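Please look at the sequence and the 3D structure together before reading on. The paragraphs below go through some pairs of helices, then one helix and its surroundings, and finally a single residue.

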Amino acid sequence: MDQRRFDVICMGRAAVDFYGQQFGSRLEDMRTMAKYLGGSSANMAAGMSRQGLRVAMLTRVGDEHMGRFVREELARNGVDVSQVLTDPERLTSIVVLGIKDRDTFPLIFYRENCADAALDVADVDREFIASARALAITGTHFSLPGPAAACHRAIDYARSNSTRTVLDIDYRPVLWGVAGHGQGESRFVGSEAVTGHLQSILPLFDLVVGTEEEFHIAGGSTDTLEALREVRRHSDAVLVLKRGALGSVVYEGGIPADLDQGISGPAVSVEVLNVLGAGDAFMSGFMRGWMEGEPLARCCLYGNACGALVVSRHGCTPAIPSRVELDDYLSRFDEVPRPDLDARLNQLHRTTVPRRQWPAIYALAFDHRSQFVEMAEACGAPLAKVSRLKRLIADAFVQVVERDGLQGRAGVLVDERFGEQVLESLTGRNLWIARPVELPQSRPLAFEYGDNVSATLQRWPSEQVVKCLVFYHPDDETALKHQQQERLKLLFDACCHSGHELLLELILPDGCEDRGDDTARAMRELYALGIFPDWWKLPPPPDNAWPLIEGVIDEFDPWCRGIVLLGLNRSVEELVTGFARAVGRRHCRGFAIGRSLFVDAARAWLSGAMDDTELQCAVAENFSAIVAKWQALHDAAESEEREQ
């Protein structure tokens, strides 16, 4: 097998989509937009990566916020971005679009002198192209002289290094200059010039993919069979015809007398929200099979199913399924006419598409509110000092992260009430950040900012994890339990809608100790209700509880992000004992410890017995020490495992 660094290099458009959130509306009337990765080549790169291929992207982005967003989103989806080049003079392309109905999607391309349209032959590296088994290019990038020359250079390098070449015709009349700016949604405008241009490049490709309209422009005829025959006269490539709800058909040799006489996979029918992004999703699925040498009918099925899932959802790249999700859908797609309403698929999509990875979490938790109020009152300090205290604790944390090289593993739990400025300063700094939503000490659970949790989360940065502490026991009185469960379902639904991760801090009430199965039973009850926290925050369980907790996670959500341990203001010695039981457990990622590390210093500072520097030194020393203890236990566990 060809063992190159990449399976596919995607070359072409990379943009930011601003997607209207009001369905059934003119673009003029849409008031809020969701921001997604966009551009056909970028969509395909992310989608192919989600399907398990090793993918790289070759394009340009601007030296600004949107360019960084494109690069970060591609990287988050597992795409190599070493050849996503920064253009110092041009802006990243933007697309504004909406959904009027299932067939109408008002769309405006903002691509005047944009970065990816300035791709140049000098941007194409021979060794990079040769490092991939396939090169996938979209037809749009042949519409301008500079990018066209770059594409030809890349194709030359590919063909001389046995890298297979793939063309997605991707016809957008507005981008070829044969339609006006207000016709961005137009899929076909005849043009002899465009047809001639496409026919000149058809011989360069091993695989050509397009819709009927796209083959019409490539073949110069609105009769699909005649257009295919004309394409065949110019190309020996495998031709893939996408037919929407009718599925797809592959033609390896001559074009038959009937469109259905090619190789096809089963059509996949769903309720359509909108067709935007279906083609890029199709390519993501088809290329999974094609690159792995699977039968063409199977490749078609992958592509058809990927497209079907995307047309039922909002957005292009964010809607493309993961490999796990697609395989689940394929096992029962004839039973799922509304994928957007299927709870299992939605949960798989939420948990198995690529996300930022956290191999370990060392978190300092100072999101407490009522405890800080009580400390201030007991020390005779004004409540206004609490915010400054949290700022100093945060500064101590940052000192340790930078000094001890904890980036990518360090985290904080901080509240908005006293720590708003801390949240603002730490967001965007490669930290794991969780933010509480519950009303402190509430039982039954209540939310600090009211029951409209979706409105609350709408203003929270997407990288912040929603933390909720609930005092819950599986043997609680029925009415209390139901009330808490309804609140948790409301919160989980809001997180699914907003895209935030959920950290559920589960504490048995009234100081109850886990008798072995209490925490596991509580977790099972919540999972059974359809509540799937991304993270669990638990007191260190006893030894006999760990196998049950792990078993529940394995049964309901093996893609759970993991468990972090809390401290409950216990002594460091008690914490280390709990750590020793937890380190090496499959789902345990680390800890989120607070008062055990800062409460004594905080009281001294509030009472005036300690200055700012002394407080910071004490907190930094305690946090650094607890991290070192965890790491030592972790290293010892790994060493013992290797010896066994």
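What is the handedness of the crossing of helix 13 and helix 21? The crossing of these two helices is right-handed, a term used when the near helix is turned clockwise from the far one by less than a right angle, whereas an anticlockwise turn would be left-handed. This is a predicted model, in which local features need pLDDT of at least 70 and side-chain atom pairs count only at pLDDT 80 or more, while totals for chains, interfaces and linings use all residues. Residues are numbered from 1 along each chain as its sequence is written, and side-chain values use heavy atoms, with hydrogens and water left out.

Two packed helices are described by the angle between their axes and the distance between the axes. Helix 13 (residues 385–404) and helix 21 (residues 612–643) cross at roughly 50 degrees, and their axes come within 8 Å. That angle makes helix 13 oblique to helix 21; angles under 35 degrees count as roughly parallel, over 145 as roughly antiparallel, 65 to 115 as roughly perpendicular, and the rest as oblique. Among the residues in contact (heavy atoms within 4.5 Å) are Leu389 and Phe397 of helix 13, and Leu615 and Phe623 of helix 21.

Helix 8 (residues 278–291) and helix 9 (residues 296–311) offer another case, with an angle of about 150 degrees and axes 7 Å apart. Helix 8 is therefore roughly antiparallel to helix 9, and the crossing of helix 8 and helix 9 is right-handed.

Helix 5 (residues 192–201) shows how a helix can have two faces. Its buried residues (under 20% relative accessible area, with exposed meaning over 50% and partly exposed in between, for a 1.4 Å probe and protein chains only) are Val194, Thr195, Leu198, Gln199 and Ile201. They lie on the same side of helix 5 because they cover an arc of only 160 degrees around the axis, taken from the directions from the helix axis to the C-beta atoms. The face turned away from this buried side carries the exposed residues Glu192 and Ala193. The cover over the buried residues of helix 5 includes helix 4 (145–160), strand 9 (164–168), helix 6 (212–219) and helix 7 (224–234); helices (H or I, at least four residues) and strands (E, at least two) are DSSP runs, numbered from the N terminus.

Finally, Asp87 is placed in strand 5 (residues 84–87), and it counts as buried because its relative accessibility is 1%. Leaving aside neighbours within four places in sequence, Asp87 is in contact with Arg60, Val61, Gly62, Asp63, Ala115 and Ala118.

Technical notes. Axes are lines fitted to C-alpha atoms, for helices over the stretch in contact, and angles run from 0 to 180 degrees between N-to-C directions.
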